[in-house]
Amino acid sequence: LATRMEKNPDDLKGWMMLARSYKALHRYDEGAKAYERVMALGGAENPDVLADYADLLGVRAGGSLEGRPMALLDQAAFGAVFFHSIILAVNLEEAAV
């Protein structure tokens, strides 16, 4: 998969799969690099991606969520709340019509 990603550097789904694979294999440094690529390709807009990346960084740091992991979790929480607010607004607008 890593070789495939070198040939397809813009494949967001592939990078996500690679990042999760590295995490499952306890290859946290490589996983972090793959997550950085995911983030650069637009993954930073997805709260689930942010939370997964924060988890990897926390595990790599011996269970600590201080610093970047907490910032990612804050960003994920904000994104989730924002997303749900938009859904609610759309539903309320449709109900009013």
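Select D11 and K13, at the start of α2: a side-chain oxygen of D11 reaches to within 3.3 Å of the backbone nitrogen of K13. The model on display is a predicted one, and the contact should be read in that light.

**Along α2**

Extend the selection to residues 12-24, which make up α2. The 13 residues of this helix should span 18 Å at 1.5 Å a residue, and the end C-alpha atoms are indeed 18 Å apart. Next, colour G14, W15, M16, L18, A19 and Y22, which are the buried residues of α2. Displaying the surroundings of these residues brings up their cover, which includes α1 (2-7), α3 and α4.

**The loop after α2**

Move on to H26, in the loop between α2 and α3. Its backbone deserves a check: phi is positive, about 65°, although H26 is not a glycine. Is H26 buried or exposed? With a relative accessibility of 57%, H26 counts as exposed.

**The aromatic pair**

Now select Y35 and Y53. A search of the whole structure finds one aromatic pair, and these two residues form it: the rings are stacked, 5.1 Å centre to centre, with 15° between the planes. Y35 belongs to helix α3 (residues 28-40) and Y53 to helix α4 (residues 47-60), so the pair ties together parts that are 18 residues apart in sequence. Both partners can then be examined for accessibility. Y35 is buried, at a relative accessible area of 0%, and Y53 is buried as well, at 2%.

Keep Y53 selected and show its contacts. Leaving aside residues up to four places away in sequence, Y53 touches A32, Y35, E36, M39, R68 and L72.

**The core**

Which residues have the most contacts inside the largest nonpolar core? They are Y53 and L72, in a core of 20 residues. To see where this core draws its members, display α2, α3, α4 and α5 (68-96), the elements that give two or more residues to it.

**Along α4**

Return to α4 and begin at its N-terminal end, which is capped by N46: a side-chain oxygen of N46 lies 2.8 Å from the backbone nitrogen of D48. P47, in helix α4, is partly exposed at 24% relative accessibility. A distance monitor between the C-alpha atoms of P47 and L72 gives 8.8 Å, although the two residues are 25 apart along the chain.

Following the helix from its first C-alpha to its last, its 14 residues reach 20 Å, close to the 20 Å expected at 1.5 Å a residue. The buried residues to colour here are V49, L50, Y53, A54, L56, L57 and G58. Just after α4, select G62, which takes a positive phi of about 75°.

**The whole chain**

Finally, zoom out to the complete protein. Its secondary structure comes to five helices and zero strands, and the elements run α-α-α-α-α from the N terminus on. Of the 97 residues, 26% count as buried. Switching on the surface shows an accessible area of about 6,400 Å², of which 59% belongs to carbon and sulfur atoms. Among contacts between residues at least 6 apart in sequence, 38% join residues at least 24 apart.

Note on methods
Residues are numbered from 1 along each chain as its sequence is written. This is a predicted model: local features need pLDDT of at least 70, side-chain atom pairs count only at pLDDT 80 or more; totals for chains, interfaces and linings use all residues. Side-chain values use heavy atoms; hydrogens and water are left out. Rings of Phe, Tyr and Trp (its six-membered ring) pair if their centres lie within 6.5 Å; planes under 30 degrees apart count as stacked, over 60 as edge-to-face and the rest as tilted. Helices (H or I, at least four residues) and strands (E, at least two) are DSSP runs, numbered from the N terminus. Buried means under 20% relative accessible area, exposed over 50%, partly exposed in between (1.4 Å probe, protein chains only). A nonpolar core is a set of buried Ala, Val, Leu, Ile, Met, Phe, Trp, Tyr and Cys residues joined through side-chain atoms within 4.5 Å. Contact means heavy atoms within 4.5 Å. The expected span of a helix is 1.5 Å times one less than its number of residues. A polar contact is a pair of N or O atoms within 3.5 Å; within protein, one must be able to donate a hydrogen and the other to accept it, and residues adjacent in sequence count only if both atoms are side-chain atoms. Accessible areas come from the Shrake-Rupley method with a 1.4 Å probe; for residues, only the protein chains shown count as cover.
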